[in-house]
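This report describes selected features of one protein model. It covers a helix residue, salt bridges, surface patches and a hairpin.

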Amino acid sequence: MRRLIRGVGLVLGALIGYQVTETFRPLIVQRGGDGLHLAVLVIGVELGAAAGALLSQPIARWFVESMGRALRRLGEVPLRDVVSGAIGLVAGLLVAFLVSLPLQRVPVIGEYILPIAAVLAFGYLGLHLGLQRRDDAPAAFAHMVERMSRERRSRRPAGSPKLLDTSAIIDGRIADICRAGFLEGPLLVPRSVLAELQHIADSGDTLRRNRGRRGLDVLDTMQRELRMVEVYDDGDAPPGEPVDAQLTRLAVALGAAIVTTDYNLNKVAGLQSIRALNVNELANAIKPVTLPGEDLTVHLIKDGKEPGQGVGYLEDGTMIVVEGGKKYIGETLETVVTSVLQTAAGRMIFARPKSLERNGAPR
């Protein structure tokens with residue numbers, strides 16, 4: 001290692017001696033010619049190499065000790081101060097660079113002295129300014145991040161509008177879906193739908209009146225708690241135009257989707273290239289998958305369409321048809337799934353009593 005340092009010092013000393021000799025070349029050539037210049041050049045390179053070889057070890061030792069003291073001092077400084085000081089120093093050096101450009105045009109002292117003075121002055125000021133304002137940096141950074149986040153959110157495209165059908169409002173599950181965050185974007189209730197809900201709520205039939213009032217309660221909950229519902233003024237509809245026709249016309253005009261539980265409206269919207277969000281399809285999609293051979297506990301409540309069948313329902317409303325379950329109506333029965341049928345109206349599960357499976361009855 002010492003030999004390497006001495007060799008590096010020798011080479012650097014020789015280069016410095018060469019540069020110093022070349023600086024005075026015009027004066028040497030003028031007084032003694034090229035022969036004297038060559039002799040002085042050789043002597044300068046040799047003296048520089050000798051000085052570099054002799055001084056390399058002390059300089060290297062001083063450099064290592066200085067860096068060690070600097071690192072120990074920096075190890076005691078908090079990381080926040082180091083980062084703030086470094087940022088301030090870099091900013092000061094950038095300012096010094098910009099200021100030194102016009103200063104270089106100043107005669108005599110503009111080439112070296114003024115730029116070096118600018119670097120020292122602005123670097124020192126930037127370093128101490130960064131250390132003095134280190135407590136303000138986290139708050140300023142957090143504020144900047146929050147502002148950038150707000151700008152990104154403001155540039156983010158809003159969700160497409162969605163028109164609520166009367167059937168989806170009366171169904172009531174739309175409020176839970178919105179509360180769970182599975183539906184976004186403005187939810188619009190056309191005045192024609194609101195008028196139909198009011199007409200149903202004013203009906204003389206008790207069941208129909210209760211359904212209409214429940215729909216109005218659902219809308220009120222969504223508007224007060226979720227703040228996701230807006231009443232949309234759809235203008236003067238043509239006389240006698242059905243509400244479903246008004247919904248599809250508005251959906252085309254607004255580029256909106258229709259939220260419904262009406263199977264027929266779902267199909268009509270699809271034929272007109274309107275996106276339809278069927279709550280029943282969502283409910284069927286999230287029902288747990290039942291495979292043939294699995295066990296199910298079901299309470300049979302009525303006869304099936306075919307002789308000997310019993311019918312029960314799971315908690316999510318899935319119909320269970322049990323072959324040979326008619327004699328168990330009114331009882332809770334352990335069954336084994338034989339097949340699953342998916343229909344447009346929902347999912348049907350066919351099963352048979354588990355006791356028959358134990359007795360080896362044919363499937």
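Val 218 has a relative accessible area of 11% and is therefore buried, since the cut-off for a buried residue is under 20%. The model is a predicted one. Val 218 lies in helix 9, which spans residues 206–226. In sequence Val 218 is 45 residues away from Arg 173, while their C-alpha atoms are 8.9 Å apart in space.

**Salt bridges**

Arg 173 leads to the charged pairs. The structure holds seven salt bridges, and the table gives three of these with the distance between their closest N and O atoms.

| Basic residue | Acidic residue | Closest N to O distance |
|---|---|---|
| Arg 173 | Asp 171 | 2.6 Å |
| Arg 179 | Asp 176 | 2.9 Å |
| Arg 249 | Glu 241 | 3.2 Å |

In the pair of Arg 173 and Asp 171, Arg 173 has a relative accessibility of 30% and so counts as partly exposed. Asp 171 is also partly exposed, with a relative accessible area of 25%.

How far apart along the helix are Arg 179 and Asp 176? Both belong to helix 7 (residues 173–179), and because they are three residues apart there, about one helical turn separates them. Arg 179 is partly exposed at a relative accessible area of 43%. For Asp 176 the relative accessible area is 48%, which again means partly exposed. Asp 176 and Arg 179 are joined with Glu 225 into one network by salt bridges that share partners.

Arg 249, which pairs with Glu 241, has a relative accessible area of 34% and is partly exposed.

**Surface patches**

Two patches on the surface can be described, one charged and one nonpolar. Arg 2, Arg 3, Arg 6 and Arg 61 form a positive surface patch. Helix 1, residues 2–23, gives the most to this patch, with three residues. Arg 61 is found in helix 2, which covers residues 25–76. The relative accessible area of Arg 61 is 47%, so this residue is partly exposed. A patch residue needs over 30% relative accessible area and no salt bridge, and the 47% of Arg 61 therefore meets the area condition.

The nonpolar patch consists of Leu 54, Leu 55, Ile 59, Trp 62, Phe 63, Val 64 and Met 67, which together have about 790 Å² of accessible area. Met 67 is found in helix 2, the helix that also holds Arg 61 of the positive patch. With a relative accessible area of 40%, Met 67 is partly exposed; because the patch cut-off is over 30%, that value is enough on area.

**The hairpin of strands 7 and 8**

Which way do strand 7 and strand 8 run relative to each other, parallel or antiparallel? Strand 7 (residues 310–313) and strand 8 (residues 319–322) run antiparallel and are joined by four bridges. Gly 310 stands opposite Val 322, a residue of strand 8. Between the two strands of this hairpin there are five residues. Gly 317 in the hairpin takes a positive phi near 90 degrees. In a regular strand, side chains alternate between the two faces of the sheet.

Methods: Residues are numbered from 1 along each chain as its sequence is written. This is a predicted model: local features need pLDDT of at least 70, side-chain atom pairs count only at pLDDT 80 or more; totals for chains, interfaces and linings use all residues. Side-chain values use heavy atoms; hydrogens and water are left out. Patches are made of residues with over 30% relative accessible area and no salt bridge: like charges are joined within 9 Å, nonpolar side chains (Val, Leu, Ile, Met, Phe, Trp, Tyr) within 5 Å. Accessible areas come from the Shrake-Rupley method with a 1.4 Å probe; for residues, only the protein chains shown count as cover. A salt bridge is a side-chain nitrogen of Lys or Arg within 4 Å of a carboxyl oxygen of Asp or Glu. Lys and Arg count as positive and Asp and Glu as negative; His and the chain ends are not counted. The place of a charge is taken as NZ of Lys, CZ of Arg, CG of Asp or CD of Glu. Buried means under 20% relative accessible area, exposed over 50%, partly exposed in between (1.4 Å probe, protein chains only). Two strands pair if DSSP finds at least two bridges between them.
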